[in-house]
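Q: I should like to learn how to read the features of a protein model. May we begin with how the side of a helix is judged?

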Amino acid sequence: VLLVGVPSVYLIDQELSRQVEARLAQGSSASRALFDAEVREMRDLVTLTSERPTLRRLLSEGNQAELLPYLATIQETAGLSHIAVTNGQGDMVVQLPATATLPYTATAITQPTAGFVAYTGNGTEWVVALEGRAPILDTNEQRLGTIHEIHQMDEVLLNELFQETGLYHNL
């Protein structure tokens with residue numbers, strides 16, 4: 001009985017290990033595809049925002065009184081955690097929420113970008129977010145500034161990943 005039982009247990013164990021590895025590889029691939037889709041959506045959103053004629057006009061006029069509610073509407077409609085505009089020199093013009101401490105970079109960019117960033121939100125806890133940035137250009141293609149849009153990763157995204165992959169994700 002032992003001569004038959006021990007090899008059978010070994011074979012079953014090997015098969016289960018292969019199945020677990022295959023499931024993890026499949027889940028990893030699906031997660032990567034979902035994250036890539038999120039990045040593409042953010043890049044598309046920040047591109048569309050940067051091309052809005054009203055945003056360009058308000059920034060070129062320096063009209064912060066109208067820029068703030070305009071950005072608040074975009075933030076709410078797009079479900080963004082944070083939104084900000086820096087001027088052509090990289091200085092903050094306006095940000096929502098006003099007290100945010102976010103990793104805005106003053107580096108001039110020439111095309112829309114998006115990707116995941118990690119930063120200390122309140123100085124002690126790390127936060128993972130999806131950030132999109134795009135140059136805001138006037139009608140003569142001169143740089144007026146940069147739009148920054150941030151979607152903080154939260155339980156909603158993690159639950160969506162679980163539904164799609166069957167795997168739990170942690171931030």
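A: The model shown here is predicted. A residue is called buried when its relative accessible area is under 20%, and exposed when that area is over 50%. With these limits, the buried residues of helix α4 (residues 155–165) are Leu157, Leu158, Leu161 and Thr165.

Q: How do the buried residues of α4 lie when seen down the axis of the helix?

A: They fall within an arc of 100 degrees, so these buried residues line one face of α4. The other side of the helix carries exposed residues, namely Glu155, Val156 and Gln163.

Q: Which residue follows α4?

A: Gly166 comes after the helix, and its phi is positive, near 80 degrees.

Q: How should strands be read, and what is the setting of strand β1?

A: Burial can be considered along a strand as well. Strand β1 covers residues 82–87, and five of its six residues are buried, so β1 is largely enclosed by the rest of the structure.

Q: Which strands pair with β1, and in what sense?

A: Two strands pair if at least two bridges are found between them. β1 pairs with β5 in the antiparallel sense, over six bridges. It also pairs with strand β2 (residues 92–96), again in the antiparallel sense, over four bridges. Val85 illustrates both pairings: its bridge partner in β5 is Ile147, and in β2 it stands opposite Val94.

Q: What joins β1 to β2?

A: The two strands form a hairpin, with four residues between them. In the turn, Gly90 has a positive phi of about 90 degrees.

Q: How does one examine a single charged residue, such as Glu149 in β5?

A: One may ask where the residue lies, whether a partner of opposite charge is available, and what else its side chain meets. Glu149 belongs to strand β5, which spans residues 143–152. Glu149 is buried but has no salt bridge. A salt bridge requires a side-chain nitrogen of Lys or Arg within 4 Å of a carboxyl oxygen of Asp or Glu. The nearest side chain of opposite charge to Glu149 is that of Arg52, at 7.0 Å.

Q: What polar groups does the side chain of Glu149 reach instead?

A: It makes a polar contact of 2.7 Å with the side chain of Thr49. The side chain of Glu149 also reaches the backbone nitrogen of Val46, at 3.4 Å. Leaving aside residues up to four places away in sequence, Glu149 touches a set of residues including Met42, Leu45, Ile74, Leu80, His82, Ile83 and Leu130.

Q: How many salt bridges are found in the whole structure?

A: A search of the whole structure finds two. In one, Arg18 is joined to Glu15, and their closest N and O atoms are 3.3 Å apart. In the other, Glu61 is joined to Arg57, with the closest N and O atoms 3.4 Å apart.

Q: Where do the partners of each salt bridge sit along their helices?

A: Arg18 and Glu15 are three residues apart in helix α1 (residues 2–50), so about one helical turn separates them. Glu61 and Arg57 are four residues apart in helix α2 (residues 53–61), and they too are separated by about one helical turn.

Q: How accessible are these charged residues?

A: Arg18 is partly exposed, at 48% relative accessibility, and Glu15 is partly exposed at 35%. In the other salt bridge, Glu61 is partly exposed, with a relative accessible area of 48%, and Arg57 is partly exposed at 38%.

Methods: Residues are numbered from 1 along each chain as its sequence is written. This is a predicted model: local features need pLDDT of at least 70, side-chain atom pairs count only at pLDDT 80 or more; totals for chains, interfaces and linings use all residues. Side-chain values use heavy atoms; hydrogens and water are left out. Buried means under 20% relative accessible area, exposed over 50%, partly exposed in between (1.4 Å probe, protein chains only). Lys and Arg count as positive and Asp and Glu as negative; His and the chain ends are not counted. A polar contact is a pair of N or O atoms within 3.5 Å; within protein, one must be able to donate a hydrogen and the other to accept it, and residues adjacent in sequence count only if both atoms are side-chain atoms. Contact means heavy atoms within 4.5 Å. The arc is that of the directions from the helix axis to the C-beta atoms.
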